[in-house]
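Student: I get lost when I look at a whole chain at once. Please pick one sheet, with the helix that goes with it, and walk me through that part slowly, then show me how the rest fits around it.

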Amino acid sequence: MANQDDQFKKVISHAKEYGYVFQSSEIYDGLSAVYDYAQNGVELKKNIRDYWWKAMVQMHENIVGLDAAIFMHPTTWKASGHVDAFNDPLIDNKDSKKRYRADVLIEDYCAKIEAKIDKEVAKAAKRFGDAFNKEEFLSTNGRVVGYQEKIDGILARMGKSLGEENLADVKALIEELEIADPLTGSRNWTDVKQFNLMFGTKLGASADSAMDLYLRPETAQGIFVNFLNVQKTGRMKIPFGIAQTGKAFRNEIVARQFIFRMREFEQMEMQFFVKPGTQKEWYEEWKQTRLKWHLSLGMGADNYRFHDHDKLAHYADAAADIEFKFPFGFKELEGIHSRTDFDLSQHEKHSGKKLQYFDHEENKSYVPYVVETSIGLDRMFLAVFSNSLVEEELENNTTRTVLKLPAVLAPVKAAILPLVKKDGLPEVARKIVEELKWDFNVVYDEKDAVGRRYRRQDANGTPFCITVDHDTLEDNMVTIRHRDTMEQTRVKIEDLHDIIKQEVDVRTWLMKM
Ligand code: GAP
């Protein structure tokens with residue numbers, strides 16, 4: 001745990017030091033669980049969004065985009081069930097006066113047991129060496145099986161109690177497990193209560209006529225209410241999808257994990273409208289397609305796993321999370337939900353407008369079923385950033401900090417470095433920048449010795465450094481250094497464009513799907 005905490009602290013401080021993420025309104029001591037993306041962060045975030053958009057929208061003939069407003073008619077949220085049921089179970093500690101999510105306290109307890117399993121696995125892997133079979137070990141080692149059964153039992157009971165709104169049993173579980181306030185160790189808890197997560201605001205100038213609104217807690221509803229507009233104007237045939245990216249807002253009770261759980265965040269969601277009865281196939285298909293998208297980034301298959309939901313939300317007939325191994329353990333990164341016809345039917349009911357599709361093949365109208373894929377952009381950012389940050393031991397007994405971002409997502413693709421600030425080298429370097437900047441985000445850097453500049457770009461996540469030296473003036477060749485291998489090769493200036501493109505092109509990466 002201590003190691004995990006240290007690693008997570010490093011991630012947060014590196015994100016600040018290298019201009020990725022800042023605390024919002026920091027000069028006023030910040031605002032809890034609200035963050036700003038800085039000069040590099042904004043590029044990384046945009047590249048992740050573009051990577052998603054390319055794969056989800058532009059590579060699919062039958063998926064189109066949308067950019068719905070954040071403000072929506074308030075009845076939207078009555079219809080969707082958010083007014084009545086978008087709650088989290090909260091619990092207060094009477095001594096520390098700190099507020100927690102009851103389910104998160106229980107999940108954190110389980111994460112500690114899971115850390116014990118990881119430890120056993122690491123020990124056994126060391127003992128058995130190449131002969132180690134992880135799957136077999138997990139299913140046969142008595143201690144590990146016991147730990148896993150304990151976790152499963154706890155989570156099943158919590159899921160059941162929450163599903164039945166049996167908040168007294170959630171509290172009883174916390175007491176039975178002797179869960180203490182993580183900050184003070186006190187076990188003096190209040191009862192568990194429900195807390196609605198939507199932020200309210202007002203539309204209109206005068207107090208009497210102002211209308212109560214909510215900031216949207218998910219982007220999905222903007223898609224549902226536009227379903228027929230898009231279907232008709234785009235002449236879309238089922239099955240088809242509508243995708244959008246945009247801000248969502250939730251008044252999270254506990255928001256302690258940097259950009260993992262924020263009060264203002266961005267979602268990338270796609271609603272796929274299908275014929276009733278075919279939703280199971282599409283659900284399985286989207287689960288696999290989304291996992292492949294993640295794997296295409298090369299961040300290690302072992303870092304992902306599916307978590308199929310036993311307890312389903314009232315609108316779903318199947319649901320799974322893609323979990324990622326964050327510095328604080330496996331947690332939800334993306335959700336894939338088979339949402340039935342719940343949302344469209346609810347909007348039909350509350351608006352009095354038909355939201356149906358006329359199926360020419362079947363010669364009848366119906367309310368389509370929906371399979372949703374929903375990923376948090378900030379959470380994806382954290383997955384990419386935390387996974388990429390490594391400390392490497394070098395041969396000469398030194399270390400280097402390197403941010404091994406997938407090159408397609410890296411904010412800066414190449415840094416162009418004149419070896420010295422004189423003899424005409426800066427002019428040649430500037431010329432290379434002028435040429436490359438049409439297609440890639442590149443920077444010019446002439447400050448400090450070249451070794452230090454390499455280290456700076458390594459820590460910044462820049463895949464290539466291109467050095468202009470005195471020989472360049474004679475042979476029009478430069479040294480290109482690769483961030484991950486530190487390998488240096490001599491190449492012609494005119495070949496730079498193709499070399500960089502090959503490594504950073506979305507096509508190269510998405511072809512791996
Ligand atoms: N439309 C379905 C929906 O919103 P969700 O599981 O509540 O489902 C989807 O959210 C994704 O949005 C999550 O998997 C997560 O990546 C992201 N997300 C949710 N709440 C978040 C928060 N407070 N901060 C950052 N990301 C969040």
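Tutor: We'll start with the sheet, move to its helix, and then step outwards.

Before that, some ground rules. You are looking at a predicted model, where local features need pLDDT of at least 70 and side-chain atom pairs count only at pLDDT 80 or more, while totals for chains, interfaces and linings use all residues. Residues are numbered from 1 along each chain as its sequence is written, and side-chain values use heavy atoms, with hydrogens and water left out.

Okay, the sheet. It is an open one built from five strands, in the order E20-E19-E21-E22-E23, with mixed pairing. (Helices, H or I with at least four residues, and strands, E with at least two, are DSSP runs numbered from the N terminus; two strands pair if DSSP finds at least two bridges between them.) The edges belong to E20 (442–444) and E23 (488–492): each has a single partner strand, so one side of each has no neighbour in the sheet. On average, neighbouring strands here are turned by 25 degrees against each other, ignoring direction. Zoom in on one pairing: E22 (residues 477–482) runs antiparallel to E23, and five bridges link them. One bridge you can find yourself joins methionine 477 to lysine 492 in E23.

Now the helix. H15 (residues 450–460) lies across E19 (414–418), E20, E21 (464–468), E22 and E23, and it runs at about 170 degrees to E19. For such angles, axes are lines fitted to C-alpha atoms, for helices over the stretch in contact, and the values go from 0 to 180 degrees between N-to-C directions.

Pick out asparagine 460, which sits in H15. Its relative accessibility is 13%, so it counts as buried. (Buried means under 20% relative accessible area, exposed over 50%, and partly exposed in between, using a 1.4 Å probe and protein chains only.) Apart from neighbours within four places in sequence, asparagine 460 is in contact with Tyr18, Tyr20, Asn40, Leu403, Leu405 and Val412; contact means heavy atoms within 4.5 Å.

Two of those partners lead us outwards. Asn40 is one of the buried residues of helix H2, along with others including Leu44, Ile48, Tyr51 and Trp52. H2 (residues 39–58) has 20 residues, which at 1.5 Å a residue should span 28 Å, and its end C-alpha atoms are 27 Å apart, which agrees. That expected span is 1.5 Å times one less than the number of residues.

The other partner, Val412, gives us a distance to try: its C-alpha is 40 Å from that of leucine 213, and the two are 199 residues apart in sequence. Leucine 213 is in strand E8 (residues 211–214) and counts as buried because its relative accessibility is 5%. Contacts of leucine 213 beyond its close sequence neighbours, those within four places, include Phe71, Met72, Pro74 and Phe199.

Before H2, there is a loop between strand E1 (21–23) and strand E2 (35–37), and serine 25 lies in it. Serine 25 isn't a glycine, yet its phi is positive, about 40 degrees. Alanine 33 is in the loop between E1 and E2 too, and its phi is also positive, near 65 degrees, in a residue other than glycine. How do they sit? Serine 25 is partly exposed, with a relative accessible area of 34%, whereas alanine 33 is buried at 3%.

Another backbone oddity is the cis peptide bond between isoleucine 238 and proline 239, with omega about 5 degrees. Proline 239 lies in the loop between helix H10 (227–233) and strand E9 (240–249).

Finally, zoom right out. The chain has 18 helices and 23 strands. Its radius of gyration is 26 Å, close to the 24 Å that the globule rule gives for 513 residues, so the chain is as compact as a globular protein of that length. (That radius is taken over C-alpha atoms, and the rule is 2.2 Å times the number of residues to the power 0.38.) Of the 513 residues, 50% count as buried. Among contacts with a separation of 6 or more, 66% are between residues 24 or more positions apart.
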